[in-house]
Each structure stands twice: as structure tokens, then as C-alpha cells.
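Biologist: Could you take me closely through one part, the packing of the helices, and what lies around it? I am a first-year student, so please explain each term as you go.

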Amino acid sequence: MQLEVPRRVVIGVSLKMYMGLAQTKSWMDALAGVAADALPDGVDLFVIPSFLSLRDSRDSLAGTPVMLGAQDVFWEDAGAFTGEISPTMLVEAGCRMVEIGHAERRRLFGETDEVVGRKTAAAIRAGLVPVLCIGEEARMEPAQAVDACMRQFRAATEGTDPAAPLLVAWEPVWAIGAAEPASPDFIRAVGAGLRAALGDRAATRLIYGGSAGPGLLRQLDGAVDGLFLGRFAHDIDNLRRVLAEAGECVSPFSHAG
Ligand SMILES: O=C(COP(=O)(O)O)[C@@H](O)CO
């Protein structure tokens with residue numbers, strides 16, 4: 001039997017450390033309004049504020065389908081680890097997901113593949129969905145980029161349950177904080193390569209990040225499951241436009257049942 005299963009699209013936003021607490025609160029209130037009137041069916045939306053804004057954000061987003069996440073996590077649940085935040089604390093604070101291994105954490109804070117792997121395993125153990133960030137450092141051919149990203153992916157997920165839900169955020173490091181995203185041709189090629197390489201992990205979805213904004217998703221022909229936005233979502237109207245485009249990309253595909 002053939003079943004028509006809608007292909008869901010995922011849109012995420014990380015606020016990094018751009019906004020203070022009051023500014024984050026008003027952005028989240030605006031986001032709650034967008035979620036109420038402009039979140040298309042079939043589009044999953046998540047948002048990742050700083051740790052200090054998690055509780056306020058949870059309140060702003062109460063009653064909306066927007067999922068809340070954190071920007072980092074430690075790999076132990078409790079103990080003498082000054083300054084760290086545990087996966088179980090994030091669950092208590094209302095998080096459904098946690099970002100792990102962002103390029104900025106790898107570059108500025110020395111996070112190695114081993115550290116990223118420990119954090120990924122701890123997040124899964126606590127029932128959080130890891131938003132696992134991978135990305136090639138420099139511009140290269142698509143096949144090489146896939147290899148570089150898959151090396152990071154394998155190191156981070158070794159020993160984890162392949163059935164655990166996972167969101168892979170592929171972000172070419174050279175495209176983060178840039179004027180423009182990677183070209184649609186490049187995203188389509190690497191997206192297809194990563195999808196093929198990730199094939200045995202059915203619960204894994206793939207999103208693209210790196211200067212993503214309005215106009216990009218509809219050029220990608222479904223090569224990725226969605227976008228991870230940074231600066232270009234600070235203007236809530238940009239996010240509204242991206243969500244509308246995501247709604248256009250929710251399409252049925254045939255699924256043998
Ligand atoms: O780093 C990211 C992209 O940031 P941009 O400001 O869009 O370049 C990604 O993790 C989303 O925050």
C-alpha cells in the first residue's frame with residue numbers, strides 16, 4: 001500500500017549571545033505572535049536563547065508549538081562542575097533540544113570531537129534531541145565537505161542508539177557570519193551526500209545553517225529538511241517570510257507501507 005506522508009520542514013533559530021534578557025523577552029513575545037498566526041502546518045519551529053533567558057522564553061512560548069532548546073550542555077547530570085549546566089537541568093527548564101558542537105564552541109572554547117561526543121550521548125540519555133553541529137572549515141568540493149562532516153558526525157555519535165532522534169545542523173564554517181549563505185548548488189550537492197551517508201539513521205533530520213535567510217529554502221529542492229537561522233532571524237519579519245517559504249516546501253511523498 002502507498003501512503004502519502006507529508007515531508008515536515010524544520011526551522012530553527014539560535015540567538016547566540018546577541019541579545020540581552022529584556023530584548024530576548026520582547027523577541028520571544030513577537031515570536032509567540034508569529035507562531036499563533038503564521039506557523040504553517042507541517043513546519044516544526046525551535047528556538048535557542050541563552051541559558052539565562054530559558055525560563056522567560058518558556059513563559060513567552062507557553063501554549064505555542066515552538067520548541068525550546070539550549071546552546072550547550074555538560075555531560076554529567078550533577079556534581080562538582082562549577083559553571084556548567086546539566087542535561088537534566090535543561091529538561092527541568094523546559095528544553096526539548098540542545099545544540100552541541102557549534103563551530104564557535106569548537107574554535108573559541110576548544111571543544112574536541114570527543115567532548116562533542118560526550119555531550120551528545122548525555123543529551124540523548126536525558127531525552128533531549130541533540131542539535132548536532134557539523135561543518136567543514138574551508139571551501140572545498142562537495143564530496144570532500146561530506147567526508148569532513150561525516151568524520152565529525154561519526155566521532156560525535158559513536159556508541160549512541162541509531163534510533164535516537166537527532167537533528168544534524170550542517171553549517172559550513174566559512175558561511176557562518178558571512179554576507180551570504182553557501183550557494184544553492186553547493187547546498188543541494190552536500191545535502192544529498194550527507195543524506196546518503198546518514199541513511200541508516202531513520203530518526204535523523206538534516207538542516208542547513210550559515211547566513212541563511214529568506215529566499216534560500218525554496219531554492220534547495222528538498223535537499224535538506226530545513227534551515228538553522230542566526231542573525232537574519234533577528235528581524236522577526238524575516239523569520240515570518242522563512243516560515244511561509246517552509247510551508248510551501250511541506251510536500252507529500254510516497255511511502256511504501
Ligand atoms: O551559526 C549559525 C549561523 O549564524 P548566521 O548568523 O546565520 O551566520 C547557526 O548556528 C544558526 O545560529
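Modeller: What follows starts with the helices and then moves outward to single residues and the ligand.

This is a predicted model, in which local features need pLDDT of at least 70, side-chain atom pairs count only at pLDDT 80 or more, and totals for chains, interfaces and linings use all residues. Residues are numbered from 1 along each chain as its sequence is written.

Take helix α6 first. It spans residues 142–157. Helices (H or I, at least four residues) and strands (E, at least two) are DSSP runs, numbered from the N terminus. Helix α5 covers residues 113–125. The axes of α5 and α6 come within 7 Å and cross at roughly 50 degrees. Such axes are lines fitted to C-alpha atoms, for helices over the stretch in contact, and angles run from 0 to 180 degrees between N-to-C directions. The pair therefore counts as oblique. Angles under 35 degrees count as roughly parallel, over 145 as roughly antiparallel, 65 to 115 as roughly perpendicular and the rest as oblique. The crossing of α5 with α6 is right-handed. A crossing is right-handed if the near helix is turned clockwise from the far one by less than a right angle, and left-handed if anticlockwise.

Who makes the contact? From α5 come Asp113, Val116, Gly117 and Thr120, and from α6 come Gln152, Ala155, Ala156 and Thr157. Two residues are in contact if their C-beta atoms, placed from the backbone, lie within 7 Å. By class, this contact of α5 with α6 has 3 nonpolar, 4 polar and 1 charged residues. Here Ala, Val, Leu, Ile, Met, Phe, Trp, Tyr, Cys and Pro count as nonpolar, Asp, Glu, Lys and Arg as charged, and the others, Gly among them, as polar.

Now follow α6 to its other partner here, helix α7, residues 184–197. Their axes come within 9 Å and cross at roughly 45 degrees. These two helices are therefore oblique as well. The crossing of α6 with α7 is right-handed. In α6, look for Pro142, Ala143, Ala145, Val146, Cys149 and Met150. They meet Phe186, Ala189, Val190, Gly193, Leu194 and Ala197 of α7. The classes in this contact are 11 nonpolar, 1 polar and no charged.

Compare a pair from earlier in the chain. Helix α1 is residues 21–38, and helix α2 is residues 54–61. Their axes come within 9 Å and cross at roughly 20 degrees. So α1 and α2 are roughly parallel to each other. Their crossing is right-handed. Leu21, Thr24, Lys25, Met28, Asp29 and Ala32 of α1 make the contact with Asp56, Ser57, Ser60 and Leu61 of α2. That contact of α1 with α2 has 4 nonpolar, 3 polar and 3 charged residues.

Return to α5 and pick out alanine 123, which sits in that helix. Alanine 123 counts as buried because it has 28 C-beta neighbours inside 10 Å. A residue is buried if 20 or more other C-beta atoms lie within 10 Å of its own, exposed if 12 or fewer, and partly exposed in between, with C-beta atoms placed from the backbone. Beyond four places in sequence, alanine 123 contacts Val73, Pro87, Val98, Ile100, Leu128 and Pro130. Valine 98 is 25 residues away along the chain, yet the two C-alpha atoms are separated by 7.3 Å.

Next, leave α6 by the loop that leads to β7 (166–170), where proline 165 lies. Proline 165 is partly exposed because it has 17 C-beta neighbours inside 10 Å. Its contacts, leaving aside residues within four places in sequence, are Val129 and Ala203.

Finally, visit the ligand. It is surrounded by 15 residues, and the closest are Ser14, Gly209, Ser211, Gly230 and Arg231. A residue belongs to this shell if its C-beta atom, placed from the backbone, lies within 6 Å of the ligand. The shell has 5 nonpolar, 7 polar and 3 charged residues.

Serine 211 sits in the loop between β8 (204–209) and β9. With 20 C-beta neighbours inside 10 Å, serine 211 is buried. Its phi is positive, near 60 degrees. Most residues other than glycine have a negative phi. Phenylalanine 228, in strand β9 (residues 226–229), has Ser14 and Gly209 among its contacts. Phenylalanine 228 is buried because it has 26 C-beta neighbours inside 10 Å.
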